[in-house]
Amino acid sequence: MALEIREPTFLVLAALAGERRHGYGVIQEVERLSNGETRLRAGTLYATLDRLGHEGLVAPAGEEVVDGRLRRYYRLTAQGSATLGTESRRRMAVSKEALRRLRLAGGLA
Amino acid sequence: MSGLEHRYGRLLRAYPKSYRHERGAEILGTLLEGSPPGRRHPGIRDVFDIGLRGGQMRMALGAEHLVRRVRGDLGATVAAIASATVVVSFFLPWYVAPFDASGHTGAVRVSALNAGGGRFFVLALAAAIAVTGFLGPRVRALAVSFALVLLYATWICQANSPAITTAGSYDGGLIEGVGAHLGVASAYVALVGSALHMARPGVARVTSASES
């Protein structure tokens, strides 16, 4: 696939896997997935969501008002799920191969 | 509205108005939800992040507008300027120059148009640009069709020119001399402008109604 998927984009897609989430929900899930290493800023999150929406990987999935604040939910589209699956497998393959080589070289405990 | 909410709202002005209208409330909600209790001012990283994203979006929007102008409005504008130039440079000297031309006797007779054509052309171009700037999109669109009529009229003039020139042996046409040639060139520019105008998307909407 020609589409380049950078880390924040990958994390946003992963955060939406199998579950719709609103903006702050995505930020929290990304933080959890990255073991607290990545905390997306709101501006970056919405720029990413806009782009993914444009590419047809993410779609709005309802709105609600909580404590007088508007929450808009997002979900993966079928295309988004497929893209996330492909990218996950690609990353896993690279990781597996890297670990195998490290083991062969005796560099991994 | 809390102080923090108010300050976040002000921060969101970094985004273009249309985007703020569409997403502002949602982004504000996300910012507030992510703020630790007791926070009174937006964090520096959010200020930087939203400033950057808003700036990017404004630039993208500006580029989009520019492209739209070049593809559409500019075509009509070019057509309007050129048509107006043709009108003034062709017809104004016609009325003014015969007095000039009548003074010329001899082998070379100057057509009404050619006398002072160069000077008139520069004046006409300046006037046309000034006037076109004030024209609405509908008038500019009208100028497009007018440009086509002018081009046809130019050919007619060219064909009938010997009859229009002052008497004499000189057989030169109306399309003679620098000014007149520039006038004809303007007609062609008007035509190109019209083509540009016609080629842009949504032309029917713009020619029948005002542009948003």
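Colleague: Before anything else, what is the relative accessible area of Glu5(B), and how should I read that value?

Modeller: In this predicted model, Glu5(B) has a relative accessible area of 25%, and because values from 20% to 50% lie between buried and exposed, the residue counts as partly exposed. As for its place in the fold, Glu5(B) belongs to helix α1 of chain B.

Colleague: Which residues does Glu5(B) touch, if those up to four places away in sequence are not counted?

Modeller: With those sequence neighbours set aside, Glu5(B) touches Leu28(B) and Leu32(B). The first of these can also be followed through the backbone, since the C-alpha atoms of Glu5(B) and Leu28(B) are separated by 7.5 Å although the two residues are 23 apart along the chain.

Colleague: How should I read a pair of helices, and at what angle do α1 and α2 of chain B cross?

Modeller: In general, two packed helices are described by the angle between their axes and the distance between the axes. Here, the axes of α1 (residues 3–11) and α2 (residues 17–33) of chain B come within 10 Å and cross at roughly 135°, which makes α1(B) oblique to α2(B). Their crossing is right-handed. On the side of α1(B), the contact is made by Leu4(B), Glu5(B), Tyr8(B) and Gly9(B), while α2(B) brings Leu28(B), Leu31(B) and Leu32(B). Sorted by class, this contact has five nonpolar residues, one polar residue and one charged residue.

Colleague: What does the rest of chain B look like, and how many helices and strands does it have?

Modeller: Chain B has seven helices and zero strands, so that, read from the N terminus, its elements run α-α-α-α-α-α-α. Of its 212 residues, 39% are buried. The chain exposes about 11,700 Å², and carbon and sulfur atoms supply 67% of that area. When contacts between residues at least 6 apart in sequence are considered, 77% of them join residues at least 24 apart.

Colleague: Turning to chain A, where do α1 and α4 cross, in terms of axis angle, and which residues make the contact?

Modeller: Helix α1 (residues 7–15) and helix α4 (residues 78–104) of chain A have axes that come within 10 Å and cross at roughly 120°, and the two helices are therefore oblique to each other. In this case α1(A) passes α4(A) in a left-handed crossing. The contact is made by Glu7(A), Phe10(A), Leu13(A) and Ala14(A) from α1(A), together with Leu84(A), Glu87(A), Ser88(A) and Arg91(A) from α4(A). By class, there are four nonpolar residues, one polar residue and three charged residues in this contact.

Colleague: How do I read a backbone phi angle, and what is the phi of Asn35(A)?

Modeller: The general expectation is that most residues other than glycine have a negative phi. Asn35(A), however, has a phi near 55°, a positive value in a residue other than glycine. This residue is placed in the loop between α2 (23–33) and α3 (42–54) of chain A, and because its relative accessibility is 69%, Asn35(A) counts as exposed.

Colleague: What is the phi of Asp67(A), and is that residue buried or exposed?

Modeller: Asp67(A) also has a positive phi, near 55°, and it too is a residue other than glycine. Its place is in the loop between β2 (58–66) and β3 (69–76) of chain A. With a relative accessible area of 70%, Asp67(A) is exposed.

Definitions and conventions:
Residues numbered from 1 in each chain as written. Chains lettered and ligands numbered in written order. Predicted model: local features only at pLDDT ≥ 70, side-chain atom pairs only at ≥ 80, totals over all residues. Heavy atoms only, no water. Axes fitted to C-alpha atoms, helices over the stretch in contact; angles between N-to-C directions. Helix = DSSP H or I, 4+ residues; strand = E, 2+ residues; numbered from the N terminus. Parallel < 35°, antiparallel > 145°, perpendicular 65-115°, else oblique. Left-handed = near helix turned anticlockwise from the far one by under 90°. Contact = heavy atoms within 4.5 Å. Nonpolar A, V, L, I, M, F, W, Y, C, P; charged D, E, K, R; others polar. Buried < 20%, exposed > 50% of the residue type's maximum accessible area, 1.4 Å probe, protein only. Areas by Shrake-Rupley, 256 points an atom, 1.4 Å probe, with all protein chains shown as cover.
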